[in-house]
Amino acid sequence: MLGGYRFRLYPDREQERILLRWIGCQRLIYNAKVQEDRYYRKFQRRLVALVGMPVPLDQEYSRFITERTAFLREVPSQVLRNGAALWRQAYARFFAGLGGRPKYQTKAGRQAVWLTSELFEFVPKTDPRTGVVRYRLRIGTTRFPVGEVSYRAHRPHGIPASIHICVEGGQWFVSFAAEDPAVPGGKPENAAERIAEDLRHLSEGQLLERTLGADRGVAKPLMTSDGRVLDLSAVQKERIGKARRRRKTWQRRAARRGKGSRNQKKAYRRAGRYARYEANVRQDYAHKTSHALVVDDRYDLYAFEDLRIGNMTRKPKARQDENGRWLPNGARAKAGLNRAILASAWGQVVSFTRYKALRAGKLVVTVPPAHSSQECAACGHTHPDNRPSQAEFVCHACGHRDNADHHASVVIARRGARKLLSGEPLAPEGKSVKMFRKLGPERSEVTPGEIAEDAGGRRLPARRSASQETPGGDPGNPRLKPHGLGGGRVHRSWSWHRC
Ligand SMILES: [Zn+2]
């Protein structure tokens, strides 16, 4: 099974310098593609004759290398090509409805470079005493070597086809997807299906004994059906509180400092450090919690609610009265709740438990959360009256009593066991876009708003730039606006082309 890996990377000063250059050059190509694309689409809107002309969607980048961008020749061409490929992949996602159009990448914040297999090598080295294979990561080509960069692999991994190297807050990371030696063979869905098949041999009662339900709440982040509460420690909470206050202070200081100044940047860096501290503590909590759940050998199946965290943390709609005056809509209170939901690391705990469970030959299912707090775990009677108070559950049909949070986790466990036995698909099909390794120009794709129709209602054939040059202006420098706008020079580089 493919697993995701992210390890700390420790480049030395010189290696850092080279990698930062690679990052910058890849970003430059990506941004040049974004700008070129915007430019083409602007033309479509301005010139009637060009309406409906699809924008070229290719991976070419050589036109961006000129005397003024000669520094691009000092990095491997694959780094540049990957920048163009990333842009095209982002566009493919946009066409599939999975995201917005590619945007400019900024210099601020996390920076990354995508390296394909020509640019790195994991050199295996077997320990003669223990026989354990460890890898050394060699980056670069013969012409542009970076050398061996040390990284800390905290668990065994396979060899990936490509890696991302990123730097955030002065810390370097290498991340990739590779074969997980702990779960051999196939897709994660196949591994999950095999485990599910084994568990389906059990009766409902037997399976229920091996199932752990977990209810996620705001006051108590995680409550399990065996009565455990998994929460951040008091010390962690206190430190997070402190980090939040300091972050706010530094954000305020940054806001008062000169815009774009060195001192403002420093202040933002400090603010970012406190934000990262909190994120790290949450992640640590999610890892430790998911580990604690998975190593418990009493359980083979873990049931969570299928919470749409994105929907749940949406801002409330603005409200207006009939005179157009704005009314209070509870935005502040909701913002507080959203913060609590996101801060409780609900999503992380589930996704971490999911992959760790697969490694241990166990399974995670998610169940619909509707009415889990009103359903009786003993008789199945579902009614709002079953919840006389926030903390208590009392069944009106059979008199079953329980603590409300614990009760909900028992209901979730039962739903999870039933879902597994019913044989319905365990996870909804994920949305993804197929990425092709094929290089060079291909069929132009047209967004719905850009489809041109002629008078007869037929779709016009796709058109594409023949010369692949930026029309007008300096063809090499994407920062220069072409100065042929509407001057007729554009037409030269466009030609009819049937795909
Ligand atoms: Zn009941």
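The exercises below work through a predicted model of one protein chain.

Residues are numbered from 1 along each chain as its sequence is written. Because the model is predicted, local features need pLDDT of at least 70 and side-chain atom pairs count only at pLDDT 80 or more, while totals for chains, interfaces and linings use all residues; side-chain values use heavy atoms, with hydrogens and water left out.

**Exercise 1. The chain as a whole**

Task: State how many helices and strands the chain has, and what share of its residues is buried.

Solution:
Step 1. Helices are DSSP runs of H or I with at least four residues, strands are runs of E with at least two, and both are numbered from the N terminus. The chain has eleven helices and 18 strands.
Step 2. Buried means under 20% relative accessible area, exposed means over 50%, and partly exposed lies in between (1.4 Å probe, protein chains only). Of the 499 residues in the chain, 42% are buried.
Step 3. A contact is a pair of heavy atoms within 4.5 Å. Among contacts between residues at least 6 apart in sequence, 69% join residues at least 24 apart.

**Exercise 2. Cysteines**

Task: Find how many disulfides the structure holds, and decide whether Cys166 is buried or exposed.

Solution:
Step 1. A disulfide is a pair of cysteine sulfur atoms within 2.5 Å. The structure holds zero of them.
Step 2. Cys166 has a relative accessible area of 1%, so it is buried.
Step 3. Cys376 is also buried, at 0% relative accessibility.

**Exercise 3. Helix α5**

Task: Check the length of α5 against its expected span, and name the element that its buried residues pack against.

Solution:
Step 1. The expected span of a helix is 1.5 Å times one less than its number of residues. For the 23 residues of α5 this gives 33 Å, and the end C-alpha atoms are 34 Å apart, which agrees.
Step 2. Ile240, Gly241, Ala243, Trp250 and Ala254 are buried in α5. The buried residues of this helix pack against α6 (262-295).
Step 3. Arg253 lies in α5 (residues 234-256) and is partly exposed, at 33% relative accessibility. Between Arg253 and Ala267 there are 6.6 Å in space, C-alpha to C-alpha, and they are 14 residues apart in sequence.

**Exercise 4. The sheet around β11**

Task: Give the strand order of the open sheet of five strands, and state how many residues of β11 are buried.

Solution:
Step 1. Two strands pair if DSSP finds at least two bridges between them. The order is β10-β9-β8-β11-β14, with mixed pairing. β10 (229-230) and β14 (363-367) stand at the edges with a single partner strand each, so one side of each has no neighbour in the sheet.
Step 2. β8 (residues 211-215) and β11 (residues 301-305) run parallel, joined by four bridges, and Thr211 stands opposite Leu301. Five bridges join β11 to β14, also parallel, where Leu301 stands opposite Leu363.
Step 3. Five of the five residues of β11 are buried, so the strand is largely enclosed by the rest of the structure.
Step 4. In a regular strand the side chains alternate between the two faces of the sheet. In β11, Leu301, Ala303 and Glu305 lie on one side, Tyr302 and Phe304 on the other, and both faces are covered.

**Exercise 5. Helix α10**

Task: State how many residues of α10 are buried, and which residue caps its N-terminal end.

Solution:
Step 1. Of the 19 residues of α10, 14 are buried.
Step 2. The cap is Asn403, with a side-chain oxygen 3.0 Å from the backbone nitrogen of Asp405.
Step 3. Gly423, just after α10, takes a positive phi of about 80°.

Definitions and conventions
Polar contact = N/O pair within 3.5 Å; in protein donor to acceptor, adjacent residues only side chain to side chain.
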